[in-house]
Amino acid sequence: MKDSELRGHILDYYYKRRRQSWSLPKPEDLGLEVSELDILHVANQLGEQNLLEWKKLGTHGNIHAGMGKINAFGIDVVEGNLQSPVKVEFVQHKTINVSGSTNVVVGDNNT
């Protein structure tokens, strides 16, 4: 998985918890098969870019362990009101159920 995709998953995690306390997601919280070290690395990147408030609690090699909380800038990036200084890819999963219909076209902008 690319860092830009993991950034999107991590920002989305913090966005959904924006009214909760400081935390650090585990791979199972994100529904991904990534290492905790990858999560720490990318969360640290988001903190460096001011998309998260990031409290450094120690280090794992050259990666700073810590806990985060999304800030106003990160919220605006998730909501599409501001652009991130680094590439962030948000994965959108859409489920559409159609029953009892024929000749139906479903898609984004009919593509």
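**Figure 1. The whole chain, element by element.** Helices and strands here are DSSP runs, with at least four residues for a helix and at least two for a strand. Counted that way, this predicted model has four helices and two strands in its protein chain. Walk along the sequence and you meet them in the pattern α-α-α-β-β-α. The chain has 111 residues, and 32% of them count as buried. Its accessible surface adds up to about 7400 Å², with 45% of that belonging to carbon and sulfur atoms. What about contacts between residues with a separation of 6 or more? In the protein chain, 48% of those join residues that sit 24 or more positions apart.

**Figure 2. A close look at helix α1.** This helix covers residues 3-16, which makes 14 residues. From its first C-alpha to its last, α1 reaches 20 Å, close to the 20 Å you'd expect at 1.5 Å a residue. Which residues of α1 are buried? They are S4, L6, R7, G8, I10, L11, Y13, Y14 and Y15. So as you trace the helix, look out for the tyrosines Y13, Y14 and Y15, which are among the buried ones.

**Figure 3. The largest pocket.** Here's an open space with a volume of about 270 Å³. Twelve residues line the pocket, and the closest to its centre are G8, H9, D12, K16 and V91. Two elements, α1 and α2 (27-30), each give two or more residues to this lining. Which element gives the largest share of the pocket lining? That's α1, with five residues. Sort the lining by class and you get five nonpolar, three polar and four charged residues. G8 is worth finding in this view: this residue of α1 is buried, and it also belongs to the group closest to the pocket centre.

**Figure 4. The largest cavity.** Searching the whole structure turns up one cavity of 30 Å³ or more. The largest cavity holds about 30 Å³ of space. Which residues line the largest cavity? Look for Y14, R17, Q20, S21, S23, G68, K69 and I70. Strand β2 (residues 63-70) supplies the largest share of this lining, with three residues. By class, the cavity lining has two nonpolar, four polar and two charged residues. You've already met one of these names: Y14 lines the cavity, and it is on the list of buried residues of α1 too.

Definitions and conventions. Residues are numbered from 1 along each chain as its sequence is written. This is a predicted model: local features need pLDDT of at least 70, side-chain atom pairs count only at pLDDT 80 or more; totals for chains, interfaces and linings use all residues. Side-chain values use heavy atoms; hydrogens and water are left out. The expected span of a helix is 1.5 Å times one less than its number of residues. Buried means under 20% relative accessible area, exposed over 50%, partly exposed in between (1.4 Å probe, protein chains only). On a 1 Å grid over the protein atoms alone, a cavity is a set of points where a 1.4 Å probe fits but cannot get out, and a pocket is an open set with protein on both sides within 12 Å along at least five of seven lines; lining residues have an atom within 4 Å of a point. Grid points are joined across faces, edges and corners, and a volume is the space filled by probe spheres set on the points. Ala, Val, Leu, Ile, Met, Phe, Trp, Tyr, Cys and Pro count as nonpolar, Asp, Glu, Lys and Arg as charged, and the others, Gly among them, as polar. Contact means heavy atoms within 4.5 Å. Accessible areas come from the Shrake-Rupley method with a 1.4 Å probe; for residues, only the protein chains shown count as cover.
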